[in-house]
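Subject: Structure handover

Hello,

Here is the structure I said I would pass on. The sequence and coordinates come first, and my notes follow.

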Amino acid sequence: MRFPTAAVLATLAGCDGGDTDTDPSVSIQGPEVLHEPPTGTFQAGDPILLTVTANDPDGVDSVTLYLRTSGEAAWDTVYLDAAGDVWETTVSGDDVQAPG
């Protein structure tokens with residue numbers, strides 16, 4: 001099964017771009033983002049649930065998934081829904097193709 005190509009971006013809460021050289025309270029470390037690839041057998045056209053755990057001492061405002069189907073030039077943007085530190089979305093079956 002060929003899955004879409006994807007990248008994930010987590011946005012920090014309260015990140016105002018402060019001066020990290022003069023203000024020690026400004027965090028320069030990004031959030032911890034963990035993802036386990038889905039397991040099981042999928043068929044072309046099956047929707048796939050993706051979950052990401054994203055946490056940071058300053059909080060996480062959003063998690064964004066950028067994905068594209070093999071052969072496509074443009075990336076689609078998908079905003080994940082939060083339930084605490086776990087963020088999730090379902091990749092549409094239209095984006096899941098058979099190998100080949």
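How many residues lie between S6 and S7 in the hairpin that they form? There are two, and one residue of the turn, Gly84, has a positive phi of about 75°.

Before the rest, a word on confidence. This is a predicted model. The protein chain has a mean pLDDT of 77, with 71% of its residues at 70 or more. Strand S1 (residues 5–12) has the lowest confidence, with a mean of 60, while S7 has the highest, at 92. Where pLDDT is low, the predicted coordinates should not be read in detail.

Overall make-up

The protein chain contains seven strands and zero helices, so the pattern along the sequence reads β-β-β-β-β-β-β. Of its 100 residues, 23% are buried. The exposed surface of the protein chain comes to about 6,500 Å², and carbon and sulfur atoms account for 49% of that area. If contacts are restricted to residues at least 6 apart in sequence, 67% of them link residues at least 24 apart.

The sheet

An open sheet is built from four strands, ordered S2-S3-S7-S6, with antiparallel pairing. Strand S2 (32–34) and strand S6 (81–83) are the edge strands; each has a single partner strand, and therefore one side of each has no neighbour in the sheet. On average, neighbouring strands here are turned by 30° against each other, direction ignored.

S7 pairs with two strands of this sheet, as the strand order shows. With S3, the antiparallel pairing runs over six bridges, and Thr53 has Val86 in S7 as its bridge partner. With S6, S7 (residues 86–91) is joined by three bridges, again antiparallel. On that side, Ala83 stands opposite Val86, and Asp81 has Glu88 as its bridge partner.

The two faces of S7

In a regular strand the side chains alternate between the two faces of the sheet. In S7, the covered face carries Trp87, Thr89 and Val91. The uncovered face carries Val86, Glu88 and Thr90.

The core

Which residues touch the most other members of the largest nonpolar core? They are Val63, Leu65, Leu80, Trp87 and Val91, out of 13 residues in that core. The elements that contribute two or more residues are strand S3 (48–55), strand S4 (60–68) and S7. Trp87 and Val91 thus appear in two places in these notes: on the covered face of S7 and among the core residues with the most contacts to other members.

Two buried residues

Val52 sits in strand S3. Its relative accessibility is 3%, and because the cut-off for buried is under 20%, Val52 counts as buried. Its C-alpha atom lies 9.5 Å from that of Ala82, although the two residues are 30 apart along the chain.

Thr69 is placed in the loop between S4 and strand S5 (76–79). Is Thr69 buried or exposed? Thr69 has a relative accessible area of 10%, so it is buried by that cut-off too. Between Thr69 and Asp94 the C-alpha distance is 9.1 Å, with 25 residues separating them in sequence.

Regards

Technical notes:
Residues are numbered from 1 along each chain as its sequence is written. This is a predicted model: local features need pLDDT of at least 70, side-chain atom pairs count only at pLDDT 80 or more; totals for chains, interfaces and linings use all residues. Side-chain values use heavy atoms; hydrogens and water are left out. Two strands pair if DSSP finds at least two bridges between them. Axes are lines fitted to C-alpha atoms, for helices over the stretch in contact, and angles run from 0 to 180 degrees between N-to-C directions. pLDDT is the predictor's confidence in each residue, from 0 to 100. A nonpolar core is a set of buried Ala, Val, Leu, Ile, Met, Phe, Trp, Tyr and Cys residues joined through side-chain atoms within 4.5 Å. Buried means under 20% relative accessible area, exposed over 50%, partly exposed in between (1.4 Å probe, protein chains only). Contact means heavy atoms within 4.5 Å. Accessible areas come from the Shrake-Rupley method with a 1.4 Å probe; for residues, only the protein chains shown count as cover.
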